[in-house]
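Hello,

Here is the structure I promised to pass on. Please have a look, then read my notes on its aromatic contacts and surface below.

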Amino acid sequence: VLVTSRTYAYQKQDWRIPGMAETVLAPFSEGQIRRFIDRWYAHIATLKRMDRDDAQGRAQLLKNAIFRGKRLKALAERPLLLTLMSSLHSWRGGSLPEKREELYADAIELLLDSWEGYKLKKDKRGGEIVREPGLSEWLKTDRDKVRKLLNRLAHEAHSSQKELRGTADIPESGLVSGLLSLTGNPDVRPKQLVNYLSWRAGILIPRGVGVYTFPHRTFQEYLAACYLTDYGYPAKIAELARTDPDRWRESALLAAAKSVRGIEAGVWLLAGELCCQDVNDESAGVEDLWGALIAGQALLESADMSELTRANRKQLDLIKNWLVHILEGDDLPAVERVKAGDILARFGDPRFDPDQFYLPKDPDLGFVTIPDGKFLMGDKKTEAETGEYRIGKYPVTVAQFRAFVEDNGYNADKRYNNDPDNHPVRYVSWHGANAYCRWLTEKLKDRGWEIGLPDETQWEKAARGTDGREYPYGDEPDKEKMNYSETGLGTTSPAGCFSGGASPYGILDMSGNLWEWTSTEDGADRVLRGGAWFNVAWYCRSADRGRYTPGSRNRSLGFRLLCLPG
């Protein structure tokens with residue numbers, strides 16, 4: 001015998017069944033989500049006499065939408081919310097709002113309908129079906145007033161919640177007293193209202209005796225954002241996000257998106273409150289770093305960037321300068337520096353010059369001079385020697401390689417273009433890397449430079465200096481100084497966002513991120529150095545070496561440049 005119940009209800013001792021094992025259902029797996037959607041649309045096809053192929057097509061569209069990003073997948077793991085998304089998808093004719101703020105807004109309305117709409121139920125004798133009035137109808141109040149109460153409760157709960165995960169508790173006393181203050185029905189009594197609310201699942205669900213909660217943290221954050229767009233916007237939400245970003249960042253982003261529905265300038269007003277200090281101002285603090293990062297994310301998600309006013313362009317330039325400061329510093333964790341770099345890639349990374357084939361903006365075009373002399377090489381740290389040469393401060397980026405492909409018509413693996421512009425380019429073979437070097441040599445012929453790939457001796461000296469250190473920055477692995485498996489990014493990172501991992505010569509990203517081609521031959525193969533984002537630390541040591549056939553192109557292969565006098 002299998003008995004199911006809401007968790008909070010079964011926690012009552014007098015409801016428990018002696019001798020039965022108890023367990024809490026796990027979240028839906030990906031396979032269960034997919035099966036649910038298929039069966040949902042099969043049911044919709046029967047109910048609405050829909051063409052079966054059309055229903056299957058809509059089911060696939062919903063699955064695509066859910067598994068395109070982490071946020072919707074996290075919601076879909078909960079049966080109540082997956083049902084909600086499926087209802088919303090079919091109600092909209094086979095689509096979900098593309099912007100998450102609109103998705104939450106529509107979802108809230110559906111949850112509110114479920115929570116406060118009228119119900120059909122049997123009478124006490126189990127006979128005639130009677131109509132139970134909706135909450136607003138029963139309270140004789142306006143639905144908008146109920147919604148504003150929920151916004152306020154969400155804001156209060158979110159503000160006071162100790163944990164930064166999951167949903168907050170909404171005390172029954174606060175909810176009931178709030179609703180009673182709205183009622184125009186003198187017959188409503190607190191005990192009746194408690195009983196009424198306890199048996200309805202929707203925008204608020206009972207978590208235990210005398211406690212309610214929202215079905216997911218995102219709804220709590222969204223309703224708190226709605227409250228803050230009505231009271232003190234944008235100053236209040238900006239202050240909260242700058243000083244307590246772990247709690248308020250998501251609400252700030254949703255508030256920005258909501259404000260744009262009223263007036264396009266809304267997101268720019270918030271950006272101005274979040275980021276108003278000059279990056280070189282001595283009084284600037286960590287709250288300015290967070291403010292700039294959240295401002296950049298808000299503009300990226302909600303602003304129309306096609307036509308910028310002079311004031312907005314000035315604001316954007318200020319934010320971009322801060323994002324570079326964040327990316328190249330070590331004040332924020334690696335995952336946040338990566339976000340800053342990815343936002344910059346969308347706005348245009350000011351470190352690279354679009355008029356010079358996206359080479360770095362400095363007199364030496366991003367090349368660092370390595371002096372001649374001896375150094376300790378390999379695991380055995382034997383003495384080796386090089387002449388003077390120059391090597392790229394960063395690996396070659398997606399934008400740089402794209403300039404070559406578009407100018408030269410090179411038949412590149414199309415996957416190289418899937419990453420943001422300022423990430424190191426990958427899916428490039430040894431032959432492709434050399435073709436790029438020949439192209440750039442021709443472009444820079446007025447300087448008399450010869451561009452090529454470093455050999456592994458040159459590469460290793462640039463990475464570890466002369467003292468035989470294990471990594472460019474020292475002897476111990478550090479997830480804040482290189483992008484490897486323990487860093488947990490799961491992909492490449494923007495060029496230069498691990499400044500703490502710089503080599504003794506100031507060269508970046510030589511440990512982790514991507515394996516880099518060298519000119520050194522190993523039989524029919526070519527030697528690789530550096531390690532990749534998915535490798536353990538051992539493979540990211542300066543002395544470690546790998547090899548591949550020169551025609552290989554995969555997700556872990558990139559390169560950086562060597563520059564010799566022509």
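**Aromatic contacts and a surface patch**

Ring pairs join Phe401, Phe404, Tyr410, Tyr416, Tyr436, Trp439 and Phe559 into a cluster. Bear in mind that this is a predicted model. Across the whole structure, a search gives 18 aromatic pairs.

One of them is Phe28 with Phe36. Their ring centres are 6.3 Å apart and the planes meet at 50°, so this pair is tilted. Phe28 is partly exposed, at 21% relative accessible area. Phe36 is partly exposed too, at 22%.

Now back to the cluster, and to Phe401 with Phe559. Here the ring centres are 6.3 Å apart and the planes stand at 80°, so the pair is edge-to-face. Phe401 belongs to helix α18 (residues 398-408), while Phe559 is in the loop between β16 (557-558) and β17 (562-565); the pair therefore ties together parts 158 residues apart in sequence. Are these two rings buried or exposed? Phe401 is buried, with a relative accessible area of 1%. Phe559 is buried as well, at 1%.

Two arginines sit over tryptophan rings. The charged end of Arg447 is over the ring of Trp449, 5.0 Å from its centre. The charged end of Arg541 is over the ring of Trp538, 3.6 Å from the ring centre.

Last, the surface. Val1, Val3 and Ile17 make a nonpolar patch of about 310 Å². Ile17 is in the loop between α1 (7-10) and α2 (30-47). Its relative accessibility is 36%, so Ile17 counts as partly exposed.

Best wishes

Notes. Residues numbered from 1 in each chain as written. Predicted model: local features only at pLDDT ≥ 70, side-chain atom pairs only at ≥ 80, totals over all residues. Heavy atoms only, no water. Patch = residues over 30% accessible without salt bridge, like charges linked within 9 Å, V, L, I, M, F, W, Y side chains within 5 Å. Areas by Shrake-Rupley, 256 points an atom, 1.4 Å probe, with all protein chains shown as cover. Salt bridge = Lys/Arg side-chain N within 4 Å of Asp/Glu carboxyl O. Helix = DSSP H or I, 4+ residues; strand = E, 2+ residues; numbered from the N terminus. Buried < 20%, exposed > 50% of the residue type's maximum accessible area, 1.4 Å probe, protein only. Phe/Tyr/Trp six-rings, centres within 6.5 Å; stacked < 30°, edge-to-face > 60°. Lys NZ or Arg CZ within 6 Å of the ring centre and 35° of its normal.
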